[in-house]
Amino acid sequence: MGFLEWLMPPSIFNVHQTRLLENGQGAQLEPDFRPALLVVDMQEDFCPPNGTLAVTGGRSITPLINTLLSSPLFVLRVATKDWHPPNHISLASNHNHTSSSPSPCCPDSSGEAAVPFLSTTTVHNPHNPSESYTTRLWPSHCIADTPGASLIPELDVSKIDQILEKGTNPLVEMYSAFYDPFNSPRVSDSGLAHMLREAKVTHVYVVGLAADYCVWSTAMDAYNEGFETVVVEEATKPVDKDGWRKCKEALVGEPGVKVVKWDGEEVKRLFPEGVVTTSVGAGNDEEEVEKEEAEKI
């Protein structure tokens with residue numbers, strides 16, 4: 001079976017762009033250090049000022065991510081995109097119907113209008129209804145082939161090796177870049193773990209949006225797949241600060257996961273000739289302005 005065939009059918013997970021690695025890319029000073037960078041969901045709908053599910057400060061982390069992309073040590077740089085069909089089960093708008101005319105993705109809707117951020121729904125494994133999980137419902141976002149699903153133009157996509165589209169199956173959510181939450185059986189396996197192993201990756205750095213959802217899920221799955229995992233805290237932003245604190249506690253409780261600061265050794269390790277000076281939080285977003293005002297008081 002060829003590698004692209006292994007990546008699963010396009011209806012589940014799409015390989016949107018592939019750039020072959022040059023032989024010299026990721027030249028290693030440390031033979032046992034072959035890092036990959038996962039840039040999670042840096043899309044218009046997740047960023048101010050116009051995103052339908054804008055994360056406060058989401059756009060401001062782009063300079064840091066671009067700096068990381070410039071590291072010569074990464075053997076693979078992957079960006080992900082939420083790429084939802086309009087009838088995706090996680091969208092609140094698909095639960096605003098009466099029980100007499102259910103949506104194909106949401107047959108158990110009660111008929112009451114769902115409220116984005118506040119309402120939840122139970123998602124059942126389409127291959128095993130006894131397996132289920134509860135998910136938060138969101139505003140319509142990152143609908144395939146819409147401007148909101150585009151990567152933001154500030155992101156330096158010229159340095160990205162692959163762009164992967166996730167969340168394409170309307171019946172299940174897929175926060176993680178690896179696979180959906182189901183196990184018996186799994187519904188949507190991206191093939192990302194296989195891709196990383198093919199590149200002989202040892203360490204996975206995770207950045208992007210949002211910290212308490214897709215970044216957290218991706219980092220946990222990277223660890224569960226056996227990779228040393230690093231989340232660069234300044235290069236991610238959460239939907240909920242309290243939720244991120246809980247997620248961070250779960251991450252740092254695992255022996256193979258680190259949540260690190262920009263000036264820490266794990267970032268310096270990527271730049272043997274010295275890290276490029278970059279303004280943390282550049283972007284003048286609302287959160288940074290509020291922080292500056294608070295410090296003046």
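1. Helix α2. In this predicted model, the buried residues of α2 are T62, L64, I65, N66, T67, L68 and L69. That makes 7 of the 8 residues in α2, and the helix is accordingly described as mostly covered. As to what covers them, the buried residues of α2 pack against strands β2, β3, β7 and β8, and against helix α6, which spans 265–268.

2. Residue R59. Ahead of helix α2 (62–69) comes a loop that links β2 to α2, and R59 lies in this loop. Two contacts of its side chain deserve attention. The side chain of R59 reaches the backbone oxygen of P48 at 2.6 Å. A polar contact, also given as 2.6 Å, joins the side chain of R59 to the side chain of E154. When neighbours within four places in sequence are left aside, the residues in contact with R59 are E44, C47, P48, P49, I152, P153 and E154.

3. Residue A36. Strand β2, which covers residues 35–40, contains A36. Is A36 buried or exposed? Its relative accessible area is 0%, and because buried means under 20%, A36 is classed as buried. Not counting residues up to four places away in sequence, A36 touches F74, L76, L196, V201, H203, V204 and Y205. The student may also compare A36 with K200: the two are 164 residues apart in sequence, whereas their C-alpha atoms are 9.5 Å apart in space.

4. Helix α4. This helix, made up of residues 211–224, is likewise mostly covered, with 11 of its 14 residues buried. The buried residues of α4 are A211, D212, Y213, C214, V215, S217, T218, A219, M220, D221 and A222. Which elements do they pack against? The partners are the strands β2, β5 (128–136), β6 (162–166), β7 (203–209) and β8 (228–237), together with helix α5 (241–252). Strand β2 and strand β7 thus appear among the packing partners of α4 and also among those of α2. After α4 comes G226, which has a positive phi, near 100°.

5. Residue F117 and the surface. The loop between β3 (76–82) and β4 (120–125) holds F117. The relative accessible area of F117 is 32%; since partly exposed means between 20% and 50%, F117 is partly exposed. On the surface, F117 joins V115 and L118 in a nonpolar patch, and the three together have about 290 Å² of accessible area.

Note on methods
Residues numbered from 1 in each chain as written. Predicted model: local features only at pLDDT ≥ 70, side-chain atom pairs only at ≥ 80, totals over all residues. Heavy atoms only, no water. Helix = DSSP H or I, 4+ residues; strand = E, 2+ residues; numbered from the N terminus. Buried < 20%, exposed > 50% of the residue type's maximum accessible area, 1.4 Å probe, protein only. Contact = heavy atoms within 4.5 Å. Patch = residues over 30% accessible without salt bridge, like charges linked within 9 Å, V, L, I, M, F, W, Y side chains within 5 Å. Areas by Shrake-Rupley, 256 points an atom, 1.4 Å probe, with all protein chains shown as cover. Salt bridge = Lys/Arg side-chain N within 4 Å of Asp/Glu carboxyl O. Polar contact = N/O pair within 3.5 Å; in protein donor to acceptor, adjacent residues only side chain to side chain.
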